[in-house]
Amino acid sequence: MATVQTPNGFSLDTSGKRVVVDPVTRIEGHMRCEVNVDENNIIRNAVSTGTMWRGLEVILKGRDPRDAWAFVQRICGVCTGTHALTSVRAVEDALNIDIPENANSIRNIMQLSLQVHDHLVHFYHLHALDWVNPVNALKADPKATSELQQKVSPHHPKSSPGYFRDVQTRIRKFVESGQLGPFKNGYWTNPAYLLPPEADLMAVTHYLEALDFQKEIMTVRTIFGGKDTHPNWLVGGVPCAINMDGDMAAGAPINMERLNYVRSITERAITFVKNVYIPDVLAVGQFYKGWLYGGGLSSQNVLSYGDIPDRANDYSAGNLLMPRGAIINGKLEEVHPVDLRDPDEIQEFVPHSWYKYADEAVGLHPWDGVTEANYKLGPNLVGTRTHIKEIDEGGKYSWIKAPRWKGHAMEVGPLARYIIGYAQGHEQITDQIKGVLGALDVPVDALFSTLGRTAARALEAEWAAEQQLYFLDKLIANIKNGDSSTANTTSFDPKTWPTEVKGVGFTEAPRGALGHWVKIKDTKIENYQCVVPTTWNGSPRDNEGNIGAFEASLMNTKMEVPEEPVEILRTLHSFDPCLACSTHVMSEDGEELADVKVR
Amino acid sequence: MHETFYDVMRRQGITRRSFLKYCSLAAGALGLSPAFAPQIAEAMETKPRIPVLWLHGLECTCCSESFIRSAHPLAKDVILSMISLDYDDTIMAAAGDQAEAIIEETIQKYDGNFILAVEGNAPLDEDGMYCIIGGKPFVEQLRHVAEHAKAIISWGSCASWGCVQAARPNPTRATPTHKVPNMPDKPIIKVPGCPPISEVMTAVITYMLTFEKMPSLDNQGRPKMFYSQRIHDKCYRRPHFDAGQFVEKFDDEGAKKGYCLYKVGCKGPTTYNACSTVRWNGGLSFPIQAGHPCIGCSEDGFWDKGGFYERLSDIKGFGIEGNADEIGTAAAAIVGGAVAIHAGASVVKRIVQKGDDA
């Protein structure tokens, strides 16, 4: 087959051998990936398929908008809370509800702790095995590992030779038992793994340390939200009332002991990220910095909505501590403003998605979203409808829609945020980026890569942990000033609501830009649409044939052994895919479709 | 060399001498002569960890996220020393063909002797293709693995009841494990909650390993040890309910004083779970302590039982006991667990410690 040129600049060639990866593991949800490799095992065509769909948005129709956060929070238990926060913001936007300053600080602390937790768990437990070989760690000299540890992170207390010997012994027994558990059938003889045994042992040790520590990070959300996974939220503020000094402060949701707990955890999280996570990413980066694949769309088109409002109720770009904007065609000197309400900016397309539009040549803004399932496979499918061997990307091929910003396929996520922040001259972000580029002795272009994505995530975890402390201090200062308010309930009663309103809420989820659009009629949800980070990154081709961020990032990557998809996993994981998030609404039949339409 | 219970015990500080003593005690407990002690010891020293295949259907991964938050035991120790988590697409190194091959290997090697853990559920509409694994419907994988499993754990409200994707109008016909048509007849333990409490999840596993059997289940298939009491029964705010002291609005004086959340919608009186006893994240808190009403996330169909901020309408003030107790009777019947799971280290440690004390 002849080479096809995509409008966004990629040259697709399907003539080579087809390689299928299904399931793609170490992600949230279910995903499939197919590539064609040429005679040199270089990827010349990439196809990413979202393989699950649940229909949460249709389930929301007719519900109480105050309950919506709980439903949409169950879109994803990994980025738990970010959908809930996006939802209460959308409903507050629709109903014109201002929240108290304390509620803003507490929400920010919860959201930032999610960034720290999610990034840390992603690196160690979902991504590390793409770079780190636990079997090779058995060959390490514990003494040399100790020296390496003390060199890369002099302040981390767990660094003695005996400590590493104990971990190595435990891993050895585990491996020699023949019961390899999660490490079973890994690609441990693949030449793509480049770390020396000592670095492998250090990283495997931190895999275990991080598994122990991550559960601490999230307890911040247990304090404010009562449980984690899936803490509780509230339209109008936060549910946790403050009682610092009253006779019933003990047993109140927030008191001095609770705030001290949050401080303690926050400080420990900062220490862990600085002493373990960042040094490990740099250590891995040092050995893999020649592996510069995976840039995809990041050097061209990136998008961020921004997040973490400094003052409550001001969602303008200037008040958001996480940067907002769009960069097109790699022009870093021009960061475009982004408007989630503009019908011409964000639109979703479905010609290659398992949904149906009346006219599939056009895209629809989420407030005007129409969605109807349409599970159809292209004529060149290999296999059957219920046993797909090779998918036909010429037809419909994914449960993910194709969102576009002003017609462009965009990458979202930590790297997108960091590129935008860098382009805007965001001081902390610029310092962090310069620091990591200097430490690895690589040029700024190195950012546009799989490893750049992984590094940006680590830097963002460090930034977020420190901001968490900023908002804790801010919360306490505000209480000290006499304001202990946590919820605005003046419009909590549906009887006070206008008949028909609409709103939009957004956050920067760990994986990128997240927006919810809601329409409320007669106190019930009339329409609810989510466009989530993995919808952006994992999108299939659109009406013009532009490929999405996952697909773009795999292009031109050399595979060492095509049957062992180490490189594919490495790059896909660098986005931290979340498939339960990415899949969309449907309607059971034509009648439902009419309900979804905007009048 | 296998990592065995003996290895695990040694790491937990149990001496060889204590271990052998345990084996003698165990022989006695089993009605065997002390001559059998060496055989028991040998079994303990060589027995492999029980394989677990953890499948994911339509879900949000909150159950896995909860599981890794377990404070006691640590998830690390469960995975490295108690079970052999051979398949779990959320954390496993292998992908694609290499991942799928593990399922067949496990079936071949441990047919009838592994545990199937299910997170999420299977959609039945569109021939099951709302959830695709390896190009095929998830429901096929689920049935296939279940056919060869010893027992099934339905993690969370998705696998137990259907949960959010099965809420009205259930667009994909998402179906909990026990209601999937043509499911092989295997014992199923439901561990509901969205998600279940971390330490409840690990406790269910360690109970099975330690006591070599299924936990006692209520007539809905939930472990009695964690699901026999309502949140309301053991809630630390219960005295305020009895005294008629309620939060009327969020952030009012009552909210600051930790009064009862019944009037702002608390579902504690009709929800069976361990949140007010075990609490969350190492016993740190639970939703009511943090000021939010219980939304009843471990109950069947809780998404469709009225708004989360609507007061329970069929329960009138102090008449609550009568009504809620009627609900309780339904759960009173006991289903005995008779499925033997091999012994784990903690029972050994416990008995050994007892023995040492004595």
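**View 1. Leu53(B) faces Tyr87(B) across a pair of strands in chain B.** In this predicted model, Leu53(B) stands opposite Tyr87(B), a residue of β2(B). The two strands here are β1(B), covering residues 50-56, and β2(B), and they pair in the parallel sense over 5 bridges. Strand β2(B) itself runs through residues 83-88, and 6 of its 6 residues are buried, so the strand is largely enclosed by the rest of the structure. If you are following the side chains by eye, it helps to recall that in a regular strand they alternate between the two faces of the sheet.

**View 2. A hairpin in chain A joins β15(A) and β16(A).** Here the pairing is antiparallel, with 7 bridges between β15(A), residues 512-521, and β16(A). Look for Lys521(A), which stands opposite Lys524(A) of β16(A). The hairpin has 2 residues between its strands, and in the turn Asp522(A) has a positive phi of about 50°. How many of the 8 residues of β16(A) are buried? The count is 7 for this strand, which spans residues 524-531, so β16(A) is largely enclosed by the rest of the structure.

**View 3. Thr266(A) sits in helix α9 of chain A.** That helix takes in residues 256-288. Is Thr266(A) buried or exposed? Thr266(A) has 24 C-beta neighbours inside 10 Å, and the cut-off for a buried residue is 20 or more, so Thr266(A) counts as buried. Leaving aside residues up to four places away in sequence, Thr266(A) touches Val220(A), Ala465(A), Gln468(A), Leu469(A) and Leu472(A). Gln467(A) is worth finding too: Gln467(A) and Thr266(A) are 201 residues apart along the chain, while their C-alpha atoms are separated by 9.7 Å.

**View 4. Domain 1 of chain B meets domain 2 of chain B.** The domain assignment gives domain 1 as 5-226 + 336-357 and domain 2 as 228-330. At their contact, 17 residues of domain 1 meet 14 residues of domain 2. On the domain 1 side, the elements giving two or more residues are α9(B), residues 198-211, and α10(B), residues 224-227. Of the elements on that side, α9(B) gives the most, with 3 residues. Sorted by class, the domain 1 side has 9 nonpolar, 3 polar and 5 charged residues.

**View 5. Chain A and chain B touch each other.** The contact draws 89 residues from chain A and 80 residues from chain B. Several elements of chain A each supply at least two residues to its side, among them the helices α1 (56-60), α2 (68-73), α6 (161-176), α7 (197-217) and α8 (219-225). The strands β3 (17-21) and β12 (387-390) of chain A do so as well. By class, the chain A side has 38 nonpolar, 31 polar and 20 charged residues.

**View 6. Stepping back, chain A has 17 helices and 16 strands.** The radius of gyration of chain A is 24 Å, close to the 25 Å that the globule rule gives for 599 residues, so chain A is as compact as a globular protein of that length. Its C-alpha trace spans about 65 × 65 × 50 Å along the principal axes. Buried residues make up 61% of the 599 residues in this chain. Among contacts in chain A with a separation of 6 or more, 74% come from residues 24 or more positions apart.

Note on methods:
Residues numbered from 1 in each chain as written. Chains lettered and ligands numbered in written order. Predicted model: local features only at pLDDT ≥ 70, side-chain atom pairs only at ≥ 80, totals over all residues. Buried ≥ 20, exposed ≤ 12 C-beta atoms within 10 Å, placed from the backbone. Helix = DSSP H or I, 4+ residues; strand = E, 2+ residues; numbered from the N terminus. Pairing = 2+ DSSP bridges. Domains from an automatic or database assignment. Contact = placed C-beta atoms within 7 Å. Nonpolar A, V, L, I, M, F, W, Y, C, P; charged D, E, K, R; others polar. Rg over C-alpha atoms; globule rule 2.2 N^0.38 Å.
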